[in-house]
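Me: I've got this chain open on my screen and I'd like to talk it through. Can you take my questions one by one?

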Amino acid sequence: KLALESGLEKLTISCDFRFQTREQDLEEFWRELETNETCKSLWITSSNVNLMTLDYLSDVLKANKRLRTLLIKTTMIEDNSVPVLCNALKINETLVKLHLEETGIGESGAIAIASALQSNFHLQKLDLRRNKINGEGGAAIAGSLQYNKSLVYLCMGNNEIGDNGARAFSNMLKCNRAIGTLLLYDNKIGDPGASALGNSLRHNDSLTSLSLRGNPIGDEGVSTIAAALRQNNTLLNLRLSKTNVTTVGARKLAKTVRINSSLTKLALENTNIGLTGAAALRDAIKENEDCALISLLLDPSPVSSEIKRQLLYTVKKKFSDAFTNNKRAPLNRIRLMVVGQGKAGKSATVRSLLQKSFVLDWNSTIGADISIGVSSKRGWTGKEITGDNASRFAAYLIARGDGNKLMVNENAGENRNTSRKKSIRKSLRRSLKARSLKRSIYALEVDDALAEDREEISSQISRTDSNDSVVEPTWERSNGTLISEARKNGSAVTFAIWDFGGQEVFYAMHHIFLTKTGIYLLVFDLRGFRDFDSRKESVKYLQFWLRSIRLHAPQAPLFLVGTFLGEMDASNGMLKNIDDVLRELVKGFPQVINGLEYMFFPIDNRDRIGINRLRQSIEECTRSNETIRQEVSLKWMAFLDTVMERSNAKGASYLKVSESLQNVTSEVGEMSLGEQREALSFFHQRGFLIYLTASEILRNLVVVKPEWLVKSIGKVIRDPTIHIDFKEFKNAGLLQEAKETFEHARVSRDMLDYLWERDQVEFLIDFMKRTMLMSEWKKREVYLIPSLLGRKLAVGEIEIQGRRFWFDFQDSLLAKGVFQRLVCLCVEYCSRKMQNLDVNESLYYENYACLKFGSGSTVHLLEDETKQSITLIVDGPTGKIPYIVESMLIKINSEFMGAGLRWDSFGEDESKKVVRLHEVNDSTTIKQKTLANIDLFGFLDGLDQ
């Protein structure tokens, strides 16, 4: 019980504790597990699991909503006890992996499992190895899976299903489109069963791995399988080791290898194919230009050694050709941006999409959280291999067929691109030598069986190193393993998920990171529609976010996701009422994706209701999106690696393009500054890095660690009511500075040094100033952060003296953060103009600012959210002030609002008559459009010119 309360995620019971525990305590233990919120994996490996234990375990599976993996490895389960467990599986919706190894399960137990599989559509992996399942039991399991769409991995190894069971699995494979791995090794399957399985491969397009090792299969069964593989192009891994195949069967396989372009691994060790059969396979590999084999396991012989060398050489040749010819292909990566009101369940939704457990008391997101989701048949995983992007992309090109015939015939006449191709080839070689990658040959892992030949292969490559036509080692891990992974996962989509904090204090920060392309999820709390007042507030937030997303990404697909479905009463028509409201609300927003039943996607993260449908819809939308189909070159992927490597070498989180990315030609080929910037913008849109293009200064900066930048800004811009612990600052002797920062929005350099741990502070200050999140308050290194201004001033315009001007955004949207950035620019402008800003005569609130604007003039800025307007009141000489303020709005719009803001400008002329701003004729209009495209500080200095 103590362990369960400590937050553990995996629990292993590895002894027969039944005899050491009172029955009352044992029952209490299992009851505790029923309601546990953290344990995701339960392993029971004791030698005695009786019916009472299975009863308790059954109750756990019925009640627990967090358990994902269950492993029982014992010899003491009675076959007639299995139904107790299976009855729970019929209603369980969270378990994804079930291992019942060496449990003594026989025919009746297998039939019970089959019955459960007919009702369970969530289990993804089932392991029943080392049991006593016969043909009837195997047939029952196979029959239950004919139309199952969730199970992708099934291990039936070391059972006794025989030919009858194999025939049943053959029928299953003709219908099933989910199973990717089927392991039937050591199952007494002969030629009839193998032939049936072979025939099913002609119809199946999902199975990627099939193991028949250790079965008495002869040439007849192998010949049928070989014939099927001349049509099948999805099976990647076939294991026929320890079978009765002879030279005859090997020749049939060779005939298939001669034309097959998908099989990557074939195991035939401990068979009777002999040297003649091995030679036939060797010759077939040589004759097939599109041969995908990277591993052929045979009994040791001179021929098998030759094949190993040949396969390794071929793999490296394909990589070299891919780099040399700079092929292009879609990257299959997109940003998924999750926005919405605070506490709506955005982070829980992300965790559900990534198949992570629900956490009740999850901390509120500060700024934004960044994670990765990779699609697969089992849903999305949060794992992505980082680094070595070029080699993995080359493997993807090879796997999809673009890398198999890439060699250029340079003797076929003069080609105007010949010199360029030679330049790329030479650049590649210089890169390889500079990285000392010849040493990586010893780390190649095409297959464990190749280890004995590595030294010989390395020597062979070194001897021919100087010849232009010879293949050299490419990037580290440029081997068959990468190609195999690419063939298996080449169609996967990678989502760079940005989960944005929902508190208003972060909205100004969001404008930096929201992109024009990608997929948007607007998450809202269904409970907010229960009564009139809360519904009104919910609609207000939804309307704000709809307009904000349209402002930044008018073409990006948008999903409306309603959370806390489990707490809604669906029987009283509430969901239909919400749908009616939303359908009216989204008129004019064609980018909103319609759900199957409603305009929105109702989900519950605690019980995982609706998650699979949402995940599937996002993926389908992504695959049809033009953004995902945009192609990228292999050279660009090598350039991305260079950017990351140079950042790591410097130990920096950002780089200056003009300084750090010079001479990239030596590593990736010819690449102009313009092409570098284009590539960086592409990788910014895909979530690899942050690269802003609003001004020349920002275009010279690339942040290679987005998480670092977001977290750094989030240490300063955060909601003090939920994200600040003043005890920490008191202990650090910075309590007064903390109060000044989070209560008055004025932060000192000492405070910034502490918050950022003296790490790249100058860059962060400059970045926040150039993105208008921070401005110089006074010369003693104190800065104003308008986003932290939490108090609103209840002030009427009538109470303020001066001449009035209005900027009306009603036909567009006065986005959150615009007013704060305007205040930022005004403060920075006055600080630069007046050298020392008069602090005593300045007032700042969330919706109001008052400051000296040159000699003799006091400027008041007032934001009215209801009227969607900003009022400017000038007390003193007006001069160019209205035009300066409008130029600042143009600057904000062009750099951070995607030029999507629209407003009308009005003002009082000398007679107090309200006219269009351009009709106010007592001053000269400055060149607003010209100033909108230059660096921030140059812009501010140019306002007076």
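Me: Which residue in β16 is the bridge partner of I370?
Reply: This is a predicted model, where local features need pLDDT of at least 70, side-chain atom pairs count only at pLDDT 80 or more, and totals for chains, interfaces and linings use all residues. Residues are numbered from 1 along each chain as its sequence is written, and side-chain values use heavy atoms, with hydrogens and water left out. Strand β14 (residues 368-376) and β16 run antiparallel and are joined by seven bridges. In β16, I370 has as its bridge partner W498.

Me: And which residue stands opposite W498 from β13?
Reply: Strands here (E, at least two residues) and helices (H or I, at least four) are DSSP runs, numbered from the N terminus. Strand β13 (residues 333-340) runs parallel to β16, with six bridges between them. The residue opposite W498 is M337.

Me: How many residues of β16 are buried?
Reply: Buried means under 20% relative accessible area, exposed is over 50%, and partly exposed is in between (1.4 Å probe, protein chains only). In a regular strand the side chains alternate between the two faces of the sheet. On one side of β16 you have T494, A496, W498 and F500, on the other F495, I497 and D499, and all are buried. For β16 (residues 494-500), that count is seven of its seven residues.

Me: What is the order of the strands in the open sheet?
Reply: Two strands pair if DSSP finds at least two bridges between them. The sheet has seven strands and its pairing is mixed. Read across, the order is β15-β14-β16-β13-β17-β18-β19.

Me: Which are the edge strands, and which residue of β19 does G562 stand opposite?
Reply: β15 (379-381) and β19 (601-602) are the edge strands, each pairing on one side only. Strand β18 (residues 558-563) pairs with β19 in the parallel sense, over two bridges. Opposite G562 in β19 stands P602.

Me: Which helix packs on the sheet by touching β13, β17 and β18?
Reply: Contact means heavy atoms within 4.5 Å. The helix touching β13, β17 (519-525) and β18 spans residues 532-552, and its direction makes about 170° with that of β17. That helix is α19.

Me: At what angle to β18 does helix α21 run?
Reply: Axes are lines fitted to C-alpha atoms, for helices over the stretch in contact, and angles run from 0 to 180 degrees between N-to-C directions. Helix α21 (residues 611-623) lies across β13, β14, β15, β16, β17, β18 and β19. Its angle to β18 is about 175°.

Me: How many residues of β3 are buried, and which residue of β4 stands opposite I72?
Reply: Strand β3 (residues 69-73) is largely enclosed by the rest of the structure, because four of its five residues are buried. Strand β2 (residues 41-44) runs parallel to β3 with four bridges, and L42 stands opposite L70 there. β3 is also joined in parallel to strand β4 (residues 97-101), by five bridges. In β4, the residue opposite I72 is L100.

Me: Why is α28 called roughly perpendicular to α32?
Reply: Angles under 35 degrees count as roughly parallel, over 145 as roughly antiparallel, 65 to 115 as roughly perpendicular and the rest as oblique. The axes of α28 (residues 706-716) and α32 (residues 761-770) come within 11 Å and cross at roughly 80°. That crossing is why the pair counts as roughly perpendicular.

Me: How do the residues of that contact of α28 with α32 divide?
Reply: W708, L709, S712 and I713 in α28 meet F763, L764, F767 and M768 in α32. Ala, Val, Leu, Ile, Met, Phe, Trp, Tyr, Cys and Pro count as nonpolar, Asp, Glu, Lys and Arg as charged, and the others, Gly among them, as polar. The split is seven nonpolar, one polar and no charged.

Me: How do α9 and α10 cross, and how do their contact residues divide?
Reply: The axes of α9 (residues 219-228) and α10 (residues 247-257) come within 8 Å and cross at roughly 0°, which means α9 is roughly parallel to α10. D219, V222, S223, A226 and A227 in α9 meet V248, G249, K252, L253 and T256 in α10. These residues divide into five nonpolar, three polar and two charged.

Me: Which class does P192 fall into, buried, partly exposed or exposed?
Reply: P192 is in helix α8 (residues 191-201) and touches D163 and R167, not counting residues up to four places away in sequence. Its relative accessibility is 41%, so P192 counts as partly exposed.
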